[in-house]
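Okay, thanks for coming, everyone. I'll put the structure up and then walk you through a small sheet and a couple of cavities.

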Amino acid sequence: MVIKETIAVLSVIILLISIPLCILLYQYVFVPSTYLQEERVFNITAVGEPSGAYTLEEINGLNYWWKRFAPMTLLLEVGDQVILNLKSADSTHQFYVPELGLDPVTVTPGKVETLSFTAEKKGIYQYFCTTMCGDCHTFMTGWIVISEKDDPVKAPHPIVCPLCAPDFGIPPQTEMLDLGEYLYQKLGCVGCHGWFGKGGIRNPNYAKQYVPAHNTTTDKLFLKTPEDAAKFCKWLITHESIPQSEDNPDIPMFNFVSARYQALKDIAKKGSTPEKLDKTGPEPPLWMPAWKFRLADREFDAIILYFITLKKWEEDEEIEGADLFTQRVMLPSGSNPISERSDISAVTPA
Amino acid sequence: MFNKKRMTAVCIFLTCVFAAVCFSSPFSAIPGKRKDFTIIAKRYSYQPNRIIVNKGDSVHIKFGSVDVVHGFFLEGYDIEAEIHPGKIPFKVRHPSVETEFTYVDEIAFTADRNGKFRYRCSVTCGTLHPFMIGEFIVRPNYPFYASIGGVIGVFAAFFFNVAADRRKSESPGIASAPLRIDLFKIMPALKELLTYRWFQFILMLLNLAALVLFIFAGFFGSPIGNHNIIITVVWILWWFFLVTFMIPFGSRIWCMMCPFPFFGEWFQRRRLLGPSGSKVSTVKGYKKKWPAKLSNIWIQNILFLCLCTFSTILVTRPVTTAFVLTGLTLTATVVHIFFRRRTFCRYLCPISGWMSLYSKASMLEIRSRNNGVCKSCGSKAIIDNGRGWGCPWLINPGKMTSNSHCGMCMECINSCPNNNMTLRLRPFCSDTVIDHYDEAWMGFIMITLVILYTAIFLGPWGTLKEWANLTEMGNVSGFIIYCGIIWISSLAVAPVLWLTAAWTSKRLAGSETISARKIFLKYSYMLVPLGLLSWIAFSIPLFMINYTHIIATFSDPLGWGWNIFGNAHIHWSPLLPEYLLYVQVPLVLTGLGFALSKGYAISNDLYSDKTQAIISLVPFGMLISLITVILIFFYAW
């Protein structure tokens, strides 16, 4: 009787210890043993809002709900044999490093995708998430830095999604300009087109090299003077749809302007695939999404209206309706990660 | 078997079903038209969430997604799509014949099957992904009308039969002894097994092992519910088994192997394998008595409702489930230390409350073979006597008349010196007595919740899911409305309706001696068979739709990328989803049938006059049929 009871007690104790122990042994002893000694293994987790990052941090049930995960910067040395294990902590993502010759891999929840490559050439390479994964998507990118042993390459600052930090609050639909600015930031357009439409974000192997800027929209629409631009904006605010035959504003070549406007709006609605610079090279990672399912027609107007106001005219003060042109700053207080980002994009690998 | 009574019932039933189908069908065939739709997927619903076409229509669908990658799996039509936000072409395949997806701008097919087919998200898109559902209805919707006809049929056939019964035999027939099969008599080996101390110990140990694994997985595993074993096994597999098999066929057999009270009971007994031989053993601990005022299932009712208010979060977030399981284990242990025996299980465990109600319907019972033996014995069996522990559930097994508080722990069988306790098989719904309001309210809570959950989890309404999904959507006012719906409808609306039925019943039957309160309480048993079977009808889809997740998580329990058995990457494919209706509707119709026939038995106990008995049943019969109709609307409309 006593023996049986002892066996029972022992089995309870063994069980309580062995389950966590077995899990940990499998994960931290067995799994690493399946790789070769010289391989450098990185376990990367993709996480969408609010972090918008590929992270090297471990994401589990306990920390997922409150923590913002740091984007990874992969520091490698020439000659490293690298294995990347990619998994997702929420929805579907896609991992793409065009300049390293790594094709896009779709990272779906529940499956670990493995990539392996050898670090060959010194430089800074950018990785991207290339399937839209929520509002932080355009900031879900970072750096793979390959150094030579005696000649380390300085790693650029990581790219952090600034969108979820401040609560913008949705402006009313009637405040078109505020709405445009809000949407431009909230939807992550800023991630690729830059703050205040400045552009300057490099798109590898894209025919024009950089993602188009939007502070030149006024020129693209052939609005040549501040007065014309102001008239057009006013007209846009008061009219539900374009083009209209009656009460057209007194703007030179208005039909032409409105045709350009329509074409611009069409690109925003239907998206576009970037043209390759080197036809045999990799697909450019940044592409213009089709926003037609996400936004209402009027919201496209609001965004383009915002672009028109981004133009810097020389004689700002004298213009009628200049209040439209007030620049607003909606950046989170303190750092400005974005400006750093565009600086660095210009210094990428040779 | 096929007596005249049954034949008439079947005939009436089939006539009603057939008539309803004819009623639904326009006699002129509508020529097929082209119907165009653009479905926008958004966490966690589709817009439009219901698509209605006519049979023969040529359906053209385009897709768009506004947040993350979503899927589209249309059951019954063999179509699976993957929708990437920002891209106008989408991927599509016919899952039964193709493994690879192709890019298209539009899918087109002919609506050639009648009825309701659901489209679901097939790509994990976030917490509520398994409940992202839309509905595709091809009219005329024969299955729906047939089901409604079925309700009318069951109702009509039942009342026709009892009315005929009344005309034929006014004299009460000799009550035949209730059907019971003594399992220990026909299978002595079963008794050997159940009373073998290691048997229960090993069952508990296995469940404890699972509990430890689940809690570990919940805290440290993947935050994605359908890729974490704690969610797939607890809320899909365990829940399905508990509701569909354990309760109806095994009563509270789960309580026998439940790991929550393991440590507490170990503390009380200081032994794991039964008392130590012949000497009288005593149970340790502070052995306090639970306050008499709280010695009912009200606390369990409220705790269960609290859990259910957060169920959407509970069943989709591993960490929430892990906290709840840990909390239950700790509370159980603490309560076991201070209070006597299984006080926690009887008065506090939120799962135990509804099990105590539904186990009344179960087909298994532990009872004494001969009441007289127990009376003359001097209740030695309910105290620890060295062979067994005496009933941990604080009841006198010899006098037991209801399954409610019997945890099937087999201690009375172990300790009975006269071999008088036994395990018996019996017909479904054999205990028909509800004597207390707490149990009646549990019945209301359960039936209301199953209706609400069918709408929330199996329905296409994204707003409801958004309200319920507080922690992700942050819609506080929506969540308050949602709480209001759950609490008010289960604690107030359902009882008020029942009370109305009770008043009407009293008026119609015209008897002064029986109070409306008594009618209210007695008839509330009718909610037990219908409730249990509609919970089964709710749980079966959970399993059939999501079973692949269970298989996958056995290979990769923590979502860490393991592949122990090689099937971690099994593709999600639901099991015959388009035929779910043909399981659900017969189940609730059976529930309705049982509710009516048990209601008739109850009314015969209340009234000596058969006409009065039948009349008094009518309002309840109508109310219970209405509940069935509501459920069928969710299943088939």
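Let's start with something to look for: which residue stands opposite B:Arg367 in β14(B)? It's B:Thr422. And before I go on, keep in mind that this is a predicted model.

So, the strands around that pair. β13(B) pairs with β14 of chain B, residues 421-425, over five bridges, in the antiparallel sense. Zoom out a bit and you get an open, antiparallel sheet of three strands in chain B, ordered β12-β14-β13. Why do β12 and β13 each have one side without a neighbour in the sheet? Because β12 (181-182) and β13 (364-368) of chain B stand at the edges, and each has a single partner strand.

Now the holes. There are 13 cavities of 30 Å³ or more in the structure, and the largest holds about 280 Å³ of space. Its lining has 21 residues, and closest to the centre sit B:Gln200, B:Met204, B:Glu265, B:Arg269 and B:Leu272. Helices giving at least two lining residues each include α5 (197-220) and α8 (262-269) of chain B. By class, that lining is 11 nonpolar, four polar and six charged.

Next, the second largest cavity, with about 90 Å³ of space. What does the lining look like by class? Here we have 10 nonpolar residues, one polar and one charged. Among the residues lining this cavity are four cysteines, B:Cys255, B:Cys258, B:Cys345 and B:Cys349, along with B:Trp254 and B:Trp393. Which helix gives the largest share of this lining? That's α13(B), with three residues.

Note on methods:
Residues are numbered from 1 along each chain as its sequence is written. Chains are lettered from A and ligands numbered from 1 in the order in which they are written. This is a predicted model: local features need pLDDT of at least 70, side-chain atom pairs count only at pLDDT 80 or more; totals for chains, interfaces and linings use all residues. Side-chain values use heavy atoms; hydrogens and water are left out. Two strands pair if DSSP finds at least two bridges between them. Helices (H or I, at least four residues) and strands (E, at least two) are DSSP runs, numbered from the N terminus. On a 1 Å grid over the protein atoms alone, a cavity is a set of points where a 1.4 Å probe fits but cannot get out, and a pocket is an open set with protein on both sides within 12 Å along at least five of seven lines; lining residues have an atom within 4 Å of a point. Grid points are joined across faces, edges and corners, and a volume is the space filled by probe spheres set on the points. Ala, Val, Leu, Ile, Met, Phe, Trp, Tyr, Cys and Pro count as nonpolar, Asp, Glu, Lys and Arg as charged, and the others, Gly among them, as polar.
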